[in-house]
Amino acid sequence: MKQDYTSVENIYIVCGKTDMRKGMDGLATLIQDSFELDPYSDSIFLFAGRSKDRYKCLYFDGDGFAMLYKRLDSGKLQWPRNEREVRNLSQQELRWLLEGLSIQQPKAIRSSPKGIF
């Protein structure tokens, strides 16, 4: 099952550590109860445990939940530590995160608003 998730409306990262023993129902309940977000929306939800060398991704594709669980062979993710926070990521920030970089790249060139000439 290979799907293109680049057109997903929202990408949420659950900061801090999550109990990685939770399955689909436990993670969906966490999204709904603790963060007051809709797990059935067109959104990807990302979770990491204490070791930051593995993560889970939860997505509702219209007829059921799909969960991706990945363990890195080497390296760790630069997962934000702020407990009890959910952040909305851009596609670029997601790429940085999954490449082992911080989602905050201070030297990155940001897109600018349209100017008036």
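## Fold at a glance

Helices (H or I, at least four residues) and strands (E, at least two) are taken here as DSSP runs, numbered from the N terminus. With that in hand, welcome to this predicted model. The chain has 2 helices and 5 strands, and along the sequence they follow the pattern β-α-β-β-β-β-α.

The C-alpha trace spans about 55 × 35 × 30 Å along its principal axes. Of the 117 residues in the chain, 37% are buried. If you like to think in contact maps, take the contacts between residues at least 6 apart in sequence: 57% of them join residues at least 24 apart.

## Two nonpolar cores

The largest nonpolar core holds 17 residues, and those touching the most other members are Ile-13, Ile-44, Leu-46, Trp-79, Leu-89 and Leu-97. Four elements each supply at least two residues of this core: strand E1 (10-14), strand E2 (43-48), strand E3 (54-60) and helix H2 (91-98). There is also a second, separate core of 12 residues, with Leu-27, Phe-35, Leu-58 and Phe-60 among them.

Ile-44 is a good place to start looking around. Leaving out residues up to four places away in sequence, Ile-44 touches Tyr-5, Val-8, Asn-10, Ile-11, Tyr-12, Cys-57, Leu-58 and Tyr-59.

## A buried lysine in strand E3

Lys-56 sits in strand E3 and deserves a second look if you are setting up charges. This lysine is buried but has no salt bridge. Which side chain of opposite charge is nearest to Lys-56? That of Asp-19, at 7.5 Å; a salt bridge here would need a side-chain nitrogen within 4 Å of a carboxyl oxygen, so Asp-19 is too far away.

The side chain of Lys-56 does have a polar partner: one of its polar atoms lies 2.7 Å from the backbone oxygen of Met-20. Apart from neighbours within four places in sequence, Lys-56 is in contact with Met-20, Arg-21, Lys-22, Leu-27, Phe-45, Leu-46, Phe-47, Met-67, Leu-68 and Tyr-69.

## Cysteines without a bond

A disulfide is a covalent bond between the sulfur atoms of two cysteines. How many disulfides does this model contain? The count is 0. Cys-15 is in no disulfide, and its nearest cysteine sulfur, in Cys-57, is 15 Å away. Cys-57 is likewise in no disulfide, with the sulfur of Cys-15 as its nearest, at 15 Å. The cut-off for a disulfide is 2.5 Å between sulfur atoms, so a separation of 15 Å rules this pair out.

Are these two cysteines buried or exposed? Cys-15 has a relative accessibility of 3%, so it counts as buried. Cys-57 also counts as buried, because its relative accessibility is 12%.

## Loops and backbone angles

Most residues other than glycine have a negative phi. Glu-36 is not a glycine, yet its phi is positive, at about 55°. This residue lies in the loop between helix H1 (24-35) and E2, and with a relative accessible area of 70%, Glu-36 is exposed.

Lys-52 also has a positive phi without being a glycine, this time of about 60°. Its place is in the loop between E2 and E3. Arg-50 is found in the loop between E2 and E3 as well, and its 66% relative accessibility makes Arg-50 count as exposed. From Arg-50 to Ser-34, the separation is 16 residues in sequence and 19 Å in space, C-alpha to C-alpha.

How values were computed: Residues numbered from 1 in each chain as written. Predicted model: local features only at pLDDT ≥ 70, side-chain atom pairs only at ≥ 80, totals over all residues. Heavy atoms only, no water. Buried < 20%, exposed > 50% of the residue type's maximum accessible area, 1.4 Å probe, protein only. Core = buried A, V, L, I, M, F, W, Y, C linked by side-chain atoms within 4.5 Å. Contact = heavy atoms within 4.5 Å. Lys, Arg positive; Asp, Glu negative; His and termini not counted. Polar contact = N/O pair within 3.5 Å; in protein donor to acceptor, adjacent residues only side chain to side chain.
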